[in-house]
Amino acid sequence: MSKTLIIGASGQIGKMTAKLLQSQQQQVVALVRDKSKLSDLSDSFLTIVEQDLEGDFSQAFTGCDQVIFAAGSGGNTGADKTILIDLWAATKAANYAKDHDIKNFIMVSSIGADDPDAIESELKPYLVAKHRADEHLKQSGLNYTIVRPGALTDESASMKISTERPSDRSDAKISRENVANSLAHIASKPSSKKAIFELFDGDQAISSL
Ligand SMILES: NC(=O)c1ccc[n+]([C@@H]2O[C@H](COP(=O)([O-])OP(=O)(O)OC[C@H]3O[C@@H](n4cnc5c(N)ncnc54)[C@H](OP(=O)(O)O)[C@@H]3O)[C@@H](O)[C@H]2O)c1
């Protein structure tokens, strides 16, 4: 049975994913900067490591087989946090994973991270950070799955997704619950692979990923 480190386990997707893995009786190591934010999680199959991602968080990787990076600086912070979290913490996470012989690294990236020049928007610095972090992971030698969700919504899980970008931009969205269920599915069947795909609400079963 895998032991999965979830980086950003107090976040919306990170916490949902932790709960799903716990319900599958999979061991979870939850990396957070404030453990009080996990008070609603069951103690079962859970280890909490309290550490800020702006520091050295390598210790959290000890004994883990796989990693889910679900952290992010969020839309209410500036370019400094975009660099420190979305780029630098993600880069350090891949380095620590390599040092700890992690078998599988699942990265929550973003639609648009493949080609930040494709759109002119205020999101461009964030997309550049995500792009560079993804490229670093791709070149790390680790097995990885890079998931690039569309715009996140708070709708309930439909459990149906698509990896094909919708032709209408306004349809390029996915519920956080669908993302979390997809991450839990990917984490429950670790394999030696290198995969990158965008993710949207759709009509395919999550189990088809
Ligand atoms: N919003 C979108 O439409 C969209 C689209 C595609 C991809 N994404 C990506 O999906 C990710 C997950 O989404 P979400 O809604 O679950 O995000 P969220 O709720 O904002 O969660 C972000 C997580 O990162 C953690 N974090 C930030 N800075 C940290 C630090 N210095 N040390 C430790 N932890 C830190 C937060 O911890 P605290 O709880 O302590 O703040 C939280 O656990 C986003 O961050 C983004 O990169 C978003």
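Reader: In which loop of this predicted model is D101 found?
Author: The model is predicted, and D101 has a phi near 55 degrees, a positive value in a residue other than glycine. Its relative accessibility is 54%, and exposed means over 50%, so D101 counts as exposed. The residue is found in the loop between α2 and β5.

Reader: Is F45 buried, partly exposed or exposed?
Author: F45 lies in the loop between β2 and β3. F45 is not a glycine, yet its phi is positive, at about 55 degrees. Buried requires under 20% relative accessible area and exposed over 50%. At 29% relative accessibility, F45 therefore counts as partly exposed.

Reader: How do β2 and β3 pair, in the parallel or the antiparallel sense?
Author: Strand β2 covers residues 27-32, and 5 bridges connect β2 with β3. Within this pairing, A30 stands opposite I48 in β3. The sense of the pairing is parallel.

Reader: Which strands are the edge strands of the open sheet of 9 strands?
Author: The order of the open sheet is β3-β2-β1-β4-β5-β6-β10-β8-β11, and its pairing is mixed. An edge strand here pairs on one side only. The strands that do so are β3 and β11 (204-205).

Reader: How many bridges join strand β6 to strand β10?
Author: Strand β6 spans residues 144-149 and strand β10 spans residues 194-201; the two run parallel. One residue to look for is P149, whose bridge partner in β10 is L199. The number of bridges that join the two strands is 6.

Reader: Which residue in β10 is the bridge partner of S162?
Author: Strand β8 comprises residues 160-162. Its pairing with β10 is antiparallel and runs over 2 bridges. In β10, the bridge partner of S162 is F200.

Reader: At what angle to β6 does helix α3 run?
Author: Helix α3 consists of residues 124-138. The helix lies across β5 (104-108), β6 and β10. Relative to β6, its direction is at about 160 degrees.

Reader: What kind of aromatic pair do F61 and Y96 form?
Author: A pair of aromatic rings is described by the distance of the centres and the angle of the planes. For F61 and Y96 the centres are 5.5 Å apart and the planes stand at 65 degrees. Planes over 60 degrees apart count as edge-to-face, so the pair of F61 and Y96 is edge-to-face.

Reader: How many residues apart in sequence are the parts that the pair of F61 and Y96 ties together?
Author: F61 lies in the loop between β3 (46-50) and β4 (66-69), whereas Y96 belongs to helix α2 (residues 79-99). F61 counts as buried at 0% relative accessibility, and Y96 is buried with a relative accessible area of 12%. Because the two rings come from that loop and that helix, the parts tied together are separated in sequence by 35 residues.

Reader: Which residues do ring pairs link into a cluster?
Author: A search of the whole structure finds 3 aromatic pairs. Ring pairs link three named residues into a cluster, namely F57, F61 and Y96.

Reader: What is the radius of gyration of the protein?
Author: The protein has 4 helices and 11 strands. For its 209 residues the globule rule gives 17 Å, and the radius of gyration is close to this, so the protein is as compact as a globular protein of that length. The radius of gyration is 16 Å.

Reader: What percentage of the 209 residues is buried?
Author: Contacts with a separation of 6 or more are 67% between residues 24 or more positions apart. Buried means under 20% relative accessible area. By this cut-off, the buried share of the 209 residues is 48%.

Technical notes
Residues numbered from 1 in each chain as written. Predicted model: local features only at pLDDT ≥ 70, side-chain atom pairs only at ≥ 80, totals over all residues. Heavy atoms only, no water. Phe/Tyr/Trp six-rings, centres within 6.5 Å; stacked < 30°, edge-to-face > 60°. Buried < 20%, exposed > 50% of the residue type's maximum accessible area, 1.4 Å probe, protein only. Pairing = 2+ DSSP bridges. Rg over C-alpha atoms; globule rule 2.2 N^0.38 Å. Contact = heavy atoms within 4.5 Å. Axes fitted to C-alpha atoms, helices over the stretch in contact; angles between N-to-C directions.
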